[in-house]
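Trainee: I am new to this structure and would love a close look at one part of it. Could you walk me through a single helix and its surroundings?

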Amino acid sequence: MKNKVFRLFLIGSLMLMVCVSAFVVSADLPAASKAPITIMDGGSPVEFDINDIAVYHAKMEAAEDGTKVPEKAEVDPCCAWMYRSLLAGIPALWGDKSPERSDITLTSNLPSCGALHTGWYVTGTGEGINTTSPGRLILLKPDGTELTDYSHEARSKIAKNRTAENYKIILASTSNGKSVEVALRKEAFPDGFFESFKKVKTDPNVTKEDVLAFNELKDEFLNNLLEKPDRDLFTIVIS
């Protein structure tokens with residue numbers, strides 16, 4: 001019994017190491033990821049940047065975990081991926097015009113916490129977002145149908161088995177039916193990223209060394225998302 005309890009404590013500690021290493025200080029963000037997004041909400045412009053997303057993500061995670069909101073919000077890789085995807089996809093679909101929130105339908109193939117919270121913020125469909133004209137957020141299951149259970153348990157079952165194919169969004173205009181697909185290029189992922197990710201998320205025999213190795217890969221992935229230009233990160237298809 002003591003060995004089992006210790007084992008659970010060790011796994012919990014290792015998972016905490018994974019979460020902590022997933023962040024970088026917002027103030028140190030590269031120029032490529034600092035550009036703001038402007039949308040319209042009931043005819044009024046709303047501007048936000050990746051730091052606003054980080055703050056919201058931190059609040060939502062704290063609420064879900066029952067923990068204290070951190071004093072300094074930092075950027076999660078999934079938030080960075082979703083934000084950069086939107087930063088590239090919105091002008092590709094709406095051009096120089098800032099779309100109304102109500103005209104935005106955002107579909108994500110990745111139901112992770114960071115992707116969900118970023119999607120909530122942008123579409124105005126999440127808790128605590130002051131909006132008069134919310135859009136729509138859709139999370140997809142692996143079979144392509146809509147995920148309706150947004151609980152952490154339901155989402156994590158899908159997210160922990162992610163592949164490069166999950167890092168894809170579709171932005172659609174409700175008013176004219178046009179859409180744009182923004183898919184993350186495989187070159188954005190460090191070699192061995194998904195194998196290492198699956199090991200630390202699903203292997204009961206994961207070690208401290210496994211977690212440290214994954215943290216290095218995750219830091220490299222996050223840096224790619226924050227630093228690389230759109231042309232090196234995304235394949236964008238308008239339909």
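Trainee: Which residue takes a positive phi just after H3? Please tell me about the helix itself as well.

Mentor: Happy to, and please keep in mind that this is a predicted model. The residue is Gly95, just after H3, with a positive phi of about 65 degrees. Helix H3 itself covers residues 77-94. Its 18 residues, at 1.5 Å a residue, should span 26 Å, and the end C-alpha atoms are 26 Å apart, so the expected span and the model agree.

Now look at the start of H3, where a side-chain oxygen of Asp76 comes to within 2.8 Å of the backbone nitrogen of Cys78. Much of the helix is covered, with 16 of its 18 residues buried. Cys78 is buried too, at a relative accessible area of 8%. Another residue to find in H3 is Arg84, which counts as buried because its relative accessibility is 2%, under the 20% cut-off. The side chain of Arg84 reaches the backbone oxygen of Leu225 at 2.7 Å.

You may wonder about the cysteines. A disulfide is a covalent bond between the sulfur atoms of two cysteines. The structure holds zero disulfides. Cys78 is in none, and its nearest cysteine sulfur, that of Cys79, is 7.3 Å away. Cys113 is buried as well, at 12% relative accessibility. The closest cysteine sulfur to that of Cys113 is in Cys78, and at 8.3 Å it is too far for a bond, because a disulfide needs the two sulfur atoms within 2.5 Å.

Conventions
Residues are numbered from 1 along each chain as its sequence is written. This is a predicted model: local features need pLDDT of at least 70, side-chain atom pairs count only at pLDDT 80 or more; totals for chains, interfaces and linings use all residues. Side-chain values use heavy atoms; hydrogens and water are left out. Helices (H or I, at least four residues) and strands (E, at least two) are DSSP runs, numbered from the N terminus. The expected span of a helix is 1.5 Å times one less than its number of residues. Buried means under 20% relative accessible area, exposed over 50%, partly exposed in between (1.4 Å probe, protein chains only). A polar contact is a pair of N or O atoms within 3.5 Å; within protein, one must be able to donate a hydrogen and the other to accept it, and residues adjacent in sequence count only if both atoms are side-chain atoms.
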